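New to this one? Take a moment to turn the model around, and then we'll walk through it together.

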Amino acid sequence: MHRLLEKYSPQLSVRVLSSLADGEESLEAIDLLLEELQARPTEVRLIAGTSGFRVGFQLPDRRRLFVKHIRSLRLPKTCVGCRFNNSTDCHEGYYGVRLYRDPRGTFHVGVCIQRMDLCLPLEEFVISTVCSEIRKLREQDYHDLTA
C-alpha cells in the first residue's frame, strides 16, 4: 500500500477492502496502515439499503483514500429463511442489486452473491415482490439513518 500510494497517488483513487475470510486480523492491518499513514477520517459514504459503506480519509500530504466496511443488512423476507443467513456463511448480507448478462444476452438481476438461484430476468425482477421488498428496505433504512 505504501508503495502504491507513493508512486501513483493522487492519480488514482485508492479503496482499501478488508478480507472477509481473515476477519479481525484484516481489520487490524487496515487500522495499522491508517495509523502509519497518519490518516484522519473526513467523511462517511453510506447508501441506504445496502450493506457496504466507505470511510474517507485524508493523509497529511492531502492524498485521500477510502476504506470499505460492511454492516449487517438483510432483506426481511428473502433472507429470513436462507440457509446462509448466519454470521459465518453470510458476511455481507444484502449488498444491493447486481446486473448479470447470460450467454444469450438476457439481463438478470441478482440480490445475493451466495444465491444465484435468486437471480431473475430484468423484466421479471421489476415486477417481482423482491423488487418491492428492496424498495421498502431502502426507504426504511434511509428513514432510520436520517432520524
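We'll start with the whole protein and then zoom in on one helix and a patch on the surface.

First off, keep in mind that this is a predicted model. The protein has four helices and seven strands, and reading along the sequence gives you the pattern α-β-α-β-β-β-β-β-β-α-α. Its C-alpha atoms fill a box of roughly 50 × 40 × 30 Å, taken along the principal axes. Of the 147 residues, 37% count as buried. The accessible surface comes to about 9,900 Å², and 53% of that belongs to carbon and sulfur atoms.

Now look at helix 4, which covers residues 129-146. With 18 residues at 1.5 Å each, helix 4 should span 26 Å, and that agrees with its end C-alpha atoms, which sit 26 Å apart. Which residues of helix 4 are buried? They are V130, C131, E133, I134, L137 and D141. Looking down the axis of helix 4, you'd see these buried residues fall within an arc of 155°, so they line one face of the helix. That spacing fits a general rule: an α-helix has 3.6 residues a turn, so residues three or four places apart point the same way. Turned away from the buried side is a face carrying the exposed residues T129, K136, E139, Y142 and T146.

What covers the buried residues of helix 4? Helix 3 is part of the answer. Helix 3 runs over residues 122-125, and L122 belongs to it. L122 counts as partly exposed, because its relative accessibility is 33%. Together with L99, F107, V126 and I127, L122 forms a nonpolar patch on the surface, with about 500 Å² of accessible area between them.

Terms used. Residues numbered from 1 in each chain as written. Predicted model: local features only at pLDDT ≥ 70, side-chain atom pairs only at ≥ 80, totals over all residues. Heavy atoms only, no water. Patch = residues over 30% accessible without salt bridge, like charges linked within 9 Å, V, L, I, M, F, W, Y side chains within 5 Å. Areas by Shrake-Rupley, 256 points an atom, 1.4 Å probe, with all protein chains shown as cover. Salt bridge = Lys/Arg side-chain N within 4 Å of Asp/Glu carboxyl O. Helix = DSSP H or I, 4+ residues; strand = E, 2+ residues; numbered from the N terminus. Buried < 20%, exposed > 50% of the residue type's maximum accessible area, 1.4 Å probe, protein only. Expected span 1.5 Å × (residues − 1). Arc of directions from axis to C-beta. Contact = heavy atoms within 4.5 Å.
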